[in-house]
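Got the model open? Let's go through some of the labels people put on a structure and ask what earns them.

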Amino acid sequence: MTVSVVDAKHMAHALRLAEQGLYTTQPNPRVGCVIAHGERVVGQGWHERAGEPHAEVYALREAGAEARGATAYVTLEPCAHHGRTPPCADALIAAGVGRVVIAAEDPFPQVAGQGIAKLRAAGITVESGLMREAAREINIGFFSRIERHSPWVRVKLAMSLDGRTALANGESKWITGEAARADVQRWRARSSAILSGVGTVLGDNPQLTVRLPAGDLPRETFSPTRVILDRHLRTPAGSHVLDGQTPTLVLHAASAEVTDDRFANVERIAIPEQGDALNLQAVLSLLAGRSCSELHVEAGPTLCGALFAAGLADELLLYIAPIMLGDHARPLMHLPSLSEMASRWSLRVVDQRQIGNDWRLQLRPA
C-alpha cells in the first residue's frame, strides 16, 4: 500500500481513540475509527463496551452526510457478521465512504477477511497493514485468544535489587511504593482475569480486585474474573477471594472434595492434573474458551516459575524497588537448575520506565 503523511496521521489518531476502550471493551477488541476528507476529520469514534455500537458507527454518526466519498481509518477490519450489533462493513457501504484504510486484519472466524471482501465487492478501495503492529499490540490478548487459543499471559512480579520478593517469614508489604502499586491496578483493570494460586491465598489473603481512586479509570470499568488454582480445595472460609464481590473461578483436581459451603459464592471447575499440579495448558485453554484475552498473574514463586519454565508466560511485568532483602529472603521464581550458561532464559526489554521511586520492566521471551 502507498502510505501518505496524512494516512499515518489519521491512523495514529484512530489508535489513540482505540486506547480509550482499554478498560471497558471486554471481551471485544479495542477499536478506533477516524473518517476524513484529506486532512479534515469529519467523524471519529471508538468501541466503548461490548454490546454497544462499534467504532465505525460512532464515527459515521458524527460524520453524517460528509462520510460520502471520505476515507475511513479503522484499527481493525470492520466486522461482516451480525453479532450483538449489525455489520460495520454494511454501515460503511451504506454511508458511501470511498476508501477504507485498515491497520490489522481481524482473525475472528466470522470476520477474517470477509469484511474486506464485502467492502471491495461494493466498489470501495481497501488498504490494510498501516501501523499493523501497533494495532495488534493494543489488542494483544484478543489476537492471542483467537489465533493461539490461549490468553496472553502477563506475569506481574515485584522484587528488591537482590532479586527477592518477600522476607523469609513471608512478609512482603510493601516492596514497591504507592505509585508502582497504583500502576499494577491499571494492568489489572485492562485484564480479563487475574490468576493466583492457593499458596498466595493462604499466605496473603489477597483481594485480587481493581482498586483505584474514583476518576482514575472510566466509571464502568470491566471487572476481571478472579481465578484461583486450588488443587485440593484448601482455600479457607473467610478468604477475600470467596466473598462473592466479583466473579471468581476456583480450579481444582477432579478428586478434590468439599463438605461445607465455603465455595457457595464462586464457580468451581475440575481441571486435569499433570504430575503433582494442575495442567497449566488446560487452565489456559479453559480460560480462552471463556473469552479470556489478557490473563494477569499475581502469584508466588512456584506458580510463576512453572508458567515461565513451561513457556506459557508471554510477558513479565517486573517492578524493581531500590531496596535489599538479603540472602534468606524469598526468590523471584522457582526454576529448574541450569548446568550451563547456554541454557539460560533470555528476555528482551519491551519497555522500561521509572514509576515513583521504583522501576518497571516489561519483558518478553527473546
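Q: Which residues are linked in a network of salt bridges?
A: This is a predicted model, and in it the network links Arg 30, Glu 137, Arg 154, Arg 190, Glu 294, Glu 315 and Arg 364. A search of the whole structure turns up 23 salt bridges.

Q: What makes Arg 190 and Glu 294 a salt bridge?
A: Their side chains come to 2.9 Å, N to O. The cut-off is 4 Å between a side-chain nitrogen of Lys or Arg and a carboxyl oxygen of Asp or Glu, so the pair qualifies. The two ends come from distant parts of the chain: Arg 190 is in the loop between α7 and β8, Glu 294 is in strand β14, and 104 residues separate them. Both Arg 190 and Glu 294 are buried.

Q: Why is Arg 226 called buried?
A: Buried means under 20% relative accessible area. Arg 226 has 0%, so the label fits.

Q: And Asp 243, why is that one called partly exposed?
A: Its relative accessibility is 30%, and partly exposed covers what lies between 20% and 50%, so Asp 243 belongs there. Asp 243 forms a salt bridge with Arg 226, with the closest N and O atoms 2.8 Å apart.

Q: How do you know that Asp 351 and Arg 360 are buried or exposed?
A: Check each against the 20% limit. Asp 351 is at 18% and Arg 360 is at 5%, so both count as buried. Their side chains also meet in a salt bridge, at 3.1 Å from N to O.

Q: What makes β2 and β5 edge strands?
A: Each of them pairs on one side only. The open sheet has five strands in the order β2-β1-β3-β4-β5, with mixed pairing.

Q: How do you know that β3 and β4 pair?
A: Two strands pair if there are at least two bridges between them, and β3 and β4 have five, so they pass. They run in the parallel sense, and Tyr 73 stands opposite Val 101 in β4.

Q: What makes up the lining of the largest pocket?
A: The lining divides into 15 nonpolar, 13 polar and eleven charged residues. Lys counts as charged and Trp as nonpolar, and Lys 156 and Trp 174 are among the residues nearest the centre. α7 gives the most to this lining, with eight residues, and the pocket's volume is about 1100 Å³.

Conventions. Residues are numbered from 1 along each chain as its sequence is written. This is a predicted model: local features need pLDDT of at least 70, side-chain atom pairs count only at pLDDT 80 or more; totals for chains, interfaces and linings use all residues. Side-chain values use heavy atoms; hydrogens and water are left out. Helices (H or I, at least four residues) and strands (E, at least two) are DSSP runs, numbered from the N terminus. On a 1 Å grid over the protein atoms alone, a cavity is a set of points where a 1.4 Å probe fits but cannot get out, and a pocket is an open set with protein on both sides within 12 Å along at least five of seven lines; lining residues have an atom within 4 Å of a point. Grid points are joined across faces, edges and corners, and a volume is the space filled by probe spheres set on the points. Buried means under 20% relative accessible area, exposed over 50%, partly exposed in between (1.4 Å probe, protein chains only).
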